[in-house]
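Q: I'm new to this one and would like to learn how to read it. Could you walk me through a few features?

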Amino acid sequence: MQVPELMQRVGQVLLPGDEFRLEQEDSISLTEVSRPSRAVCGPGLRRSGARLLVCKSGVLRHKAPNVFWIDSQQKRYVPAKGETVIGVVTAKAGDVFKVDVGGSEQASLSYLAFEGATKRNRPNVQVGDLVFGQFLVANKDMEPELVCIDGSGRANGMGVFGPGGLVFTVSLGLVRRLLSPLSELRADLEQLFPCELVVGMNGRLWVRSCSVQQTLVVANLLQSADSMTAPQRKELFRRVQQGAL
């Protein structure tokens, strides 16, 4: 499927109800090397037959070769399989913990979903603890399920947070900017205040710096940068570096 019309709208604001027609190829060549031409729909886009529908307002983004999604300032989180999130343990029901991840319903987390956990060696998880986990199951027909191990059974940075640090909420757009491989925001922040930063795809950030004061400053800077343009953010960081704020 070719999407020339969609490519022309990259960088523009789209609204729910906008529709694009996908051109389907009538034949497949058995001699020429096939090239990936099928459009991959990300958040905010939905395929319906030969149509591509916009489900939420925002800026259309594109990643080579053929990935498209809508970049918006959405704050409501919808769980998706494979995404890593920061959650709060709210209850313990038998062998399962209930975790608030900011979605429409709580996720379940088994005590066996930790590295090295067995029936005899249970993890030390208490109600109120912060956990960093990954969705193993996430769809509209089933309860979301979290795990704190990867495919090889290793924690790989996931699990219960230690003491200290601060958790706060930002928009999902800022989360994607921080997770970008070439994130200018993250690079500027590392130069200003070295700190530990954990980013959850559900819009929750955990930060810990060398002191409580610096931790609060970093949190305030990230929350302020959520609604700033790049020049405004650089000016704010420059003033903080000079001690004006």
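**Reading strands, burial and rings**

A: Let's start with a hairpin: S15 and S16 form one with four residues between them, and Gly 203 in the turn has a positive phi of about 90°. Before going on, note that this is a predicted model, where local features need pLDDT of at least 70, side-chain atom pairs count only at pLDDT 80 or more, and totals for chains, interfaces and linings use all residues. Residues are numbered from 1 along each chain as its sequence is written, and side-chain values use heavy atoms, with hydrogens and water left out.

Q: What do labels such as S16 stand for, and how do I know that two strands pair?

A: Helices (H or I, at least four residues) and strands (E, at least two) are DSSP runs, numbered from the N terminus. Two strands pair if DSSP finds at least two bridges between them. Here, strand S15 (residues 196–199) and S16 run antiparallel and are joined by four bridges; one of the partnerships is Glu 196 with Arg 208 in S16. S14 and S16 also run antiparallel, with four bridges joining them, and Leu 166 has Val 207 in S16 as its bridge partner.

Q: Is S16 mostly covered or mostly open?

A: Burial goes by relative accessible area: under 20% is buried, over 50% is exposed, and in between is partly exposed (1.4 Å probe, protein chains only). S16 is mostly covered, as four of its five residues are buried.

Q: Where is Arg 204, and what is around it?

A: Arg 204 is in strand S16 (residues 204–208). Arg 204 counts as buried because its relative accessible area is 12%. Contact means heavy atoms within 4.5 Å. Leaving aside neighbours within four places in sequence, Arg 204 is in contact with residues including Ile 86, Asp 100, Phe 168 and Val 198. For polar contacts, look for a pair of N or O atoms within 3.5 Å; within protein, one must be able to donate a hydrogen and the other to accept it, and residues adjacent in sequence count only if both atoms are side-chain atoms. A polar atom of the Arg 204 side chain lies 3.2 Å from the backbone oxygen of Ile 86.

Q: Which residue makes a polar contact with the side chain of Asp 188?

A: It's Lys 234: the two side chains make a polar contact at 3.4 Å. Asp 188 sits in helix H3 (residues 184–192) and is buried, with a relative accessible area of 18%. Not counting residues up to four places away in sequence, Asp 188 touches Arg 233, Lys 234 and Phe 237.

Q: How many aromatic pairs are there, and how do I read one?

A: A pair of aromatic rings is described by the distance of the centres and the angle of the planes. Rings of Phe, Tyr and Trp (its six-membered ring) pair if their centres lie within 6.5 Å; planes under 30 degrees apart count as stacked, over 60 as edge-to-face and the rest as tilted. A search of the whole structure finds three aromatic pairs. Among them, Tyr 77 and Phe 135 are stacked, at 6.4 Å centre to centre with 20° between the planes. This pair links distant parts of the chain, 58 residues apart, and both Tyr 77 and Phe 135 are buried. Phe 161 and Trp 206 form a tilted pair, 5.1 Å centre to centre with 35° between the planes.

Q: Which residues form the aromatic cluster?

A: Phe 132, Phe 161 and Trp 206 form one cluster. Trp 206 is buried because its relative accessible area is 4%.
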